[in-house]
Amino acid sequence: MSRVSFTRNLQRHVACPPCTVEGATVQESLEAAFALYPRLRGYVLDEHGALRFHMAVFVDGVPVADRRGLTDPVSVASEIYVMQALSGG
C-alpha cells in the first residue's frame, strides 16, 4: 500500500494526516485518501477531477506527468506527496 502525505498548509484547513492507501494510479490512491478525508477533494482537485493549478503531486520524488487524468502509476511502496505549488519572485 502506498503512503499519501499532505503539507502542513493543507492540514491547517482540513484534518488530513498521512495515510496508507491502495491504488495502482495516482487517481486511485487519491480517491482512497479522499474517502478518508472528503473535504480535502475540493482543495486538491477541480470540478473535472483534474489537479488544481496551484497544487503539485509527487510520486517517489517525481512530479506527476498527467495532471488531468492522474494516471501516473504507483507501486505498493510509493510515497505520494501532495502540496501547494507556489510561484512568484
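# Exercises on a predicted model

Strands β1 and β2 pair in the antiparallel sense, with 3 bridges between them. The model examined here is predicted.

**Exercise 1. Determine the strand order of the sheet and identify the strands at its edges.**

*Solution.*
Step 1. Strands of a sheet pair through backbone hydrogen bonds, in either a parallel or an antiparallel sense. In the antiparallel pair of β1 and β2, S2 stands opposite V21 of β2.
Step 2. Extending this to the whole sheet gives an open arrangement of 5 strands in the order β2-β1-β5-β3-β4, and the pairing is mixed.
Step 3. The edge positions belong to β2 (19–21) and β4 (62–63); each has a single partner strand, so one side of each lacks a neighbour in the sheet.

**Exercise 2. Describe the succession of helices and strands along the chain, and assess its compactness against the globule rule.**

*Solution.*
Step 1. Counting the elements yields 3 helices and 5 strands.
Step 2. Along the sequence, these elements follow the pattern β-α-β-α-α-β-β-β.
Step 3. The chain has a radius of gyration of 12 Å, close to the 12 Å that the globule rule gives for 89 residues, so the chain is as compact as a globular protein of that length.
Step 4. Along the principal axes, the C-alpha atoms fill a box of roughly 35 × 25 × 25 Å.

**Exercise 3. Classify the aromatic pair of the structure and locate its two members in the chain.**

*Solution.*
Step 1. The structure holds 1 aromatic pair, formed by F6 and Y37.
Step 2. The ring centres are 6.3 Å apart and the planes enclose 85°. Since planes over 60 degrees apart count as edge-to-face, the pair of F6 and Y37 is edge-to-face.
Step 3. F6 belongs to strand β1 (residues 2–6), whereas Y37 lies in the loop between α2 (26–36) and α3 (41–44); the two residues are 31 apart, and the pair links distant parts of the chain.

**Exercise 4. Decide whether F6 and Y37 are buried or exposed, and set the result beside the values for the whole chain.**

*Solution.*
Step 1. The cut-off for buried is under 20% relative accessible area. F6 has 3% and is therefore buried; Y37, at 14%, also counts as buried.
Step 2. For the chain, 37% of the 89 residues count as buried.
Step 3. The accessible surface of the chain comes to about 5300 Å², and 56% of this belongs to carbon and sulfur atoms.
Step 4. Among contacts between residues at least 6 apart in sequence, 49% join residues at least 24 apart.

Conventions:
Residues numbered from 1 in each chain as written. Predicted model: local features only at pLDDT ≥ 70, side-chain atom pairs only at ≥ 80, totals over all residues. Heavy atoms only, no water. Phe/Tyr/Trp six-rings, centres within 6.5 Å; stacked < 30°, edge-to-face > 60°. Helix = DSSP H or I, 4+ residues; strand = E, 2+ residues; numbered from the N terminus. Buried < 20%, exposed > 50% of the residue type's maximum accessible area, 1.4 Å probe, protein only. Pairing = 2+ DSSP bridges. Rg over C-alpha atoms; globule rule 2.2 N^0.38 Å. Contact = heavy atoms within 4.5 Å. Areas by Shrake-Rupley, 256 points an atom, 1.4 Å probe, with all protein chains shown as cover.
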